[in-house]
Amino acid sequence: MDYDFRAIEAKWQGTWKETDAYKVTEDPTRPKFYVLDMFPYPSGAGLHVGHPLGYIASDVFARYKRHKGFNVLHPMGYDSFGLPAEQYAIQTGQHPAITTEQNINRYRDQLEQLGFCYDWSREVRTSDPSYYRWTQWIFGELFESWYDTQAQKARPIAELTEAFAENGNFNVHAACDEGWWKGLSFPHFGAHFDGTFTATDWQSMNEAERQEVLMCFRIAYLADSEVNWCPALGTVLANDEVKDGLSERGGHPVMKKTMRQWMMRITAYADRLLSSLDDLDWTDSVKEAQRHWIGRSEGAAVRFAVANDAGQPDPAGTEVEVFTTRPDTLHGVSFMVLAPEHDLVAGLTSDAQRSEVEAYVEAAGMKSERDRQGDKSISGVFTGGHVVHPITGALVPVWIADYVLAGYGTGAIMAVPAGDDRDWRFAKHFDLPIPPIFKDVDTQEAVCTDKGAILCNSGEWDGMRASDAIPLALDWVEAQGCGTRKVNYRIRDAVFSRQRYWGEPFPIAYENGIATRITDATVTLPKVDAYLPTEDGEPPLARANREDWPVFRGDAMETNTMPGWAGSSWYFLRYMDPHNENAFCDRSKSDHWGQVDLYVGGAEHTTGHLLYSRFWTKFLHDLGHIGFDEPFKFMINQGMILGRSSFVYRIQGTNTFVSANQRKAHRTQRLHVDINLVDNDKLDLDGFRAWRTEFANAEFILDDDGTYTCGHEVEKMSKSKYNVQTPDELVERYGADTLRCYEMFLGPLTQHKPWDTQGISGVHNFLRKIQRLYTQAAKGGMATSSSDDALRIVHKAIAKVTDDLDRHAFNTVVSALMIAVNDLSSLDSGCGEDALQPLATLLSPYAPHLAEELWQTAGGEGSVLDAAWPEAQDAYLVEDQTTYPISFNGKVRFKLDLAASMSPADVEATVRADERTLEQLDGKEIRKVIVVPGRIVNVVM
RNA sequence: GCGGGUGUGGUGAAAUUGGUAGACACGCCAGACUUAGGAUCUGGUGCUUCGGCGUGGGGGUUCGAGUCCCUCCACCCGCACCA
């Protein structure tokens, strides 16, 4: 009679395994639905109750869709390359593959006990060579592709070499760095080279030179670039791995450093990544964050000629280019500011200023990123050099300052102190002129950033506001030849190399310094004697000798490895065809499964994974490998489950602990206490003494009832706060079905919420109650048909549950089921198969084990998993009696039971005639009666 | 500073198109059965000076506002010298 969840759950998990209940194949006769959880990294700590929240929701939805007749793909796997296993390897010498394997096994056990409907035959691991050979293959495709900015798509590099051989690069529109040729030093590209070369030029280059040129156009390319170097981690980091100038993992300082690294030309996709956001069903906050990360802004690149000693434009033609979104304020320029790292700083600096400038540049270089970001004080140095104003011909002094970033725009700005806050403060600080350019605005007193301000002292743009003057200014600048329209992006190409061991090796070998793709073999990780960098700072892979490499080509192998996001950028495709040895994913499979219809995960991947996988998806689409160009159509970001920490209060300098209620009378120190020693805020005194030796002789000041009350606070779950709740203990005590229902019952999926086990008993009771309902109905034989009352209850639940699931309101479904069970239980009798079978189906997404059991009890055929989702019948939903609340001036005064079919006019007449109405009127007159059929009556007096 | 979000009982929350605010649970209180229970069952439970008052504060639209509009406040998350 008891709800024996242990037996039930073990039994059904066994059955599902035996019957391959969750194995899925492409079924063209049914509509497809792809439900995906964000790829987990199998950490050694295992799961806490926050992790499964999203998995439960997606599992519920996958099961629901299966009931609805969909061909549902719902896979799980592991993003199993990563730092923690490598750190452990460094400390212990144990190969990271072993640690990883152990952690995965633990994860798998934890996931399995929760009864998820994953098709485990599709499990993938990014660290498995059978998986990463395809990550390598995709990298190879990126390496052998260029981006055609005219066609707005990636194309094979062979088409570029063909074009070069035929016409040079005259008709080629390839995405590349500005001044791509500047790092190259061939005779063809002399001082006056402007970026175009002929077919003859191309023919005359040798292979090495051609390869160097091609490298400038590849989507995956090698380049010397300024990277985020993290000395503590011994590796470079991508921009999204740096937060506040510190590494996201570990919080170590990050420096700027120039290194030759593999890069990904994600900037080529900036526009498409931006515009196709509009069609994605994601939250505004994630989409906005991506828009900001891409940071598109329209404006002009304006060139200022450098002035020579005579104050004339430098005859050598040296110019400083700035980017501005407000070319209309050109008349307000009174100085120029370069980033300290700008190339032209040395050339512009006068002898008199040299020592000061060099000191400033050096100081800026020494600062870590965090120091530079954190320092909001105004600093800068005059270089002594000038540029010539393109309109007025006036000399404009050139400064260098920290507030101009080398990495954004051109690394130089034209300062318009009247209209830009930073320029204004800089001008005030160094007492530089602030030319007034806005009518009736005193910009000596305050800056004017209002785009609606009217221009003055600006020649032919006088009297205009920004929106009208900007297009004219752009035309003017282009006509004068001193600038061009330009779209600038904040997003930078992504660094793709890591100086680490535990990552994908590159399928790249070098022969005389030329990088070549290896296509005929999977480059697996070589044996190394330690997982650390070499003595001269080379990545760990450089420790491997030629014979240590399973595959070795050319005269050297690439020794960097790929970053964490490589494998996770395309994993959703591998699930569709996980064992394919001939392709990353057969086109027929990706055509069948298509985009992910529901993607569930935390919001922490906003600018990393979610951007990179969009980029790779678009790339694979460009080359025709897949038929869609956005990976995740619809996404839900689940909120974090926070821990509820408990505290004890130690009187300072003693070993005496005072109950929270009386702590104010003492000077106390608050200490976290393990939540397992606390029940309902009461401390287990013996357990506490036994917890740690330092507390063995603890004394207590207790409340009057002889208990110790702990304090509490809601915080992030973490080991150090002793507030971590693992699902294992709860599954042991209440069962997986209870945990599943409870996590959903807790509140809206997307919201953050504190974890509190107090409420779990209510949900557990509900499952016991529903089981009791079925066993009682089965006592003496299950009836085939039910009373109308019972059917009304069930059909109401069907309507509510279906509706809630369709709008992803996972929490209210549990309430609806509780109500149905409560109502049916109070009927005493009348429950038969036609009520209890549909009810078991409704329960099945949430409590799949118990639902199987109940389905059987209710005489269901086969497994409940494939039971058709019941449909609510209107006949059972309409009530013939309606209870009308009768309100007077909006306040409810009494209720009236009326026939549901009664016309509004009759309802009004009945209300008017009711003696309670007269009582309420108290002599006043009825001005109006509003009847909302089936809802409410409002009498206006 | 900018962007996004959230404010409803002692607690988690519900109220889908403006129509009975607080469903469903936890906790608490009382009772029953047992007289060891943290077991089970039943009833009660927003506040209240019993007139009313109540969805962060103030204002507005409406017969009617948690829901729509304006404004202010608090908290959380993300970004942050982006020219």
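# Helix α5, its sheets and the nonpolar cores

Helix α5 lies across β5 (220–230) and β9, running at about 95° to β9. The model is predicted. Helix α5 also lies across β18 and β19, where the angle to β19 is about 125°. Chain A is divided into five parts: domain 1 (1–30 + 734–876), domain 2 (140–276 + 493–557), domain 3 (297–488), domain 4 (641–715) and domain 5 (881–940). Between the C-alpha centres of domain 3 and domain 4 the distance is 61 Å.

**Helix α5**

- Helix α5 covers residues 129–143.
- With 15 residues, α5 reaches 20 Å from its first C-alpha to its last, close to the 21 Å expected at 1.5 Å a residue.
- Of the 15 residues of α5, 11 are buried, so the helix is largely enclosed by the rest of the structure.
- The buried residues of α5 include the aromatic side chains of Tyr131, Tyr132, Trp134, Phe139 and Phe143.
- Thr135, Gln136 and Glu141 of α5 are buried too, as are Ile138, Gly140 and Leu142.

**The four-stranded sheet**

- Four strands make an open sheet in the order β6-β5-β9-β17, and their pairing is antiparallel.
- The edges are β6 (235–237) and β17 (494–495); each has a single partner strand, so one side of each is left without a neighbour in the sheet.
- Two bridges join strand β9 (residues 255–264) to β17 in the antiparallel sense.
- In this pairing, methionine 263 of the chain stands opposite valine 495 in β17.

**The three-stranded sheet**

- A further open sheet has three strands in the order β19-β18-β20, with antiparallel pairing.
- Its edge strands are β19 (514–517) and β20 (556–557), and each pairs on one side only.
- Strand β18 (residues 508–511) pairs with β19 in the antiparallel sense over four bridges.
- Tyrosine 510 stands opposite alanine 515 in β19.

**Nonpolar cores**

- The largest nonpolar core has 91 residues, and Phe810, Leu839 and Leu843 have the most contacts inside it.
- Helix α25 (residues 810–825) gives the most to this core, contributing nine residues.
- A second, separate core has 76 residues, among them Leu73, Ile138, Ala494 and Tyr510.
- Of these, Ile138 is a buried residue of α5, and Tyr510 is the residue that faces alanine 515 of β19.
- Leaving aside neighbours within four places in sequence, leucine 839 is in contact with Ile770, Leu773, Tyr774, Leu817, Ala820, Val821 and Leu824.

**Alanine 851**

- Alanine 851 lies in helix α27 (residues 848–857).
- The relative accessible area of alanine 851 is 0%, and the residue is buried.
- Apart from neighbours within four places in sequence, alanine 851 is in contact with Ala840, Leu843, Ser844 and Val864.
- Alanine 851 and leucine 767 are 84 residues apart along the chain, and their C-alpha atoms are separated by 9.8 Å.

**The hairpin of β33 and β34**

- Strand β33 (residues 928–932) and strand β34 (residues 936–940) pair in the antiparallel sense over five bridges.
- Three residues lie between the strands of this hairpin, in which glycine 934 takes a positive phi near 80°.
- Side chains alternate along β33: Val929 and Val931 point to one face and are buried, whereas Lys928, Ile930 and Val932 point to the other and are not.
- Isoleucine 930 stands opposite asparagine 938 in β34.

Definitions and conventions
Residues numbered from 1 in each chain as written. Chains lettered and ligands numbered in written order. Predicted model: local features only at pLDDT ≥ 70, side-chain atom pairs only at ≥ 80, totals over all residues. Heavy atoms only, no water. Core = buried A, V, L, I, M, F, W, Y, C linked by side-chain atoms within 4.5 Å. Buried < 20%, exposed > 50% of the residue type's maximum accessible area, 1.4 Å probe, protein only. Contact = heavy atoms within 4.5 Å. Pairing = 2+ DSSP bridges. Axes fitted to C-alpha atoms, helices over the stretch in contact; angles between N-to-C directions. Domains from an automatic or database assignment. Expected span 1.5 Å × (residues − 1).
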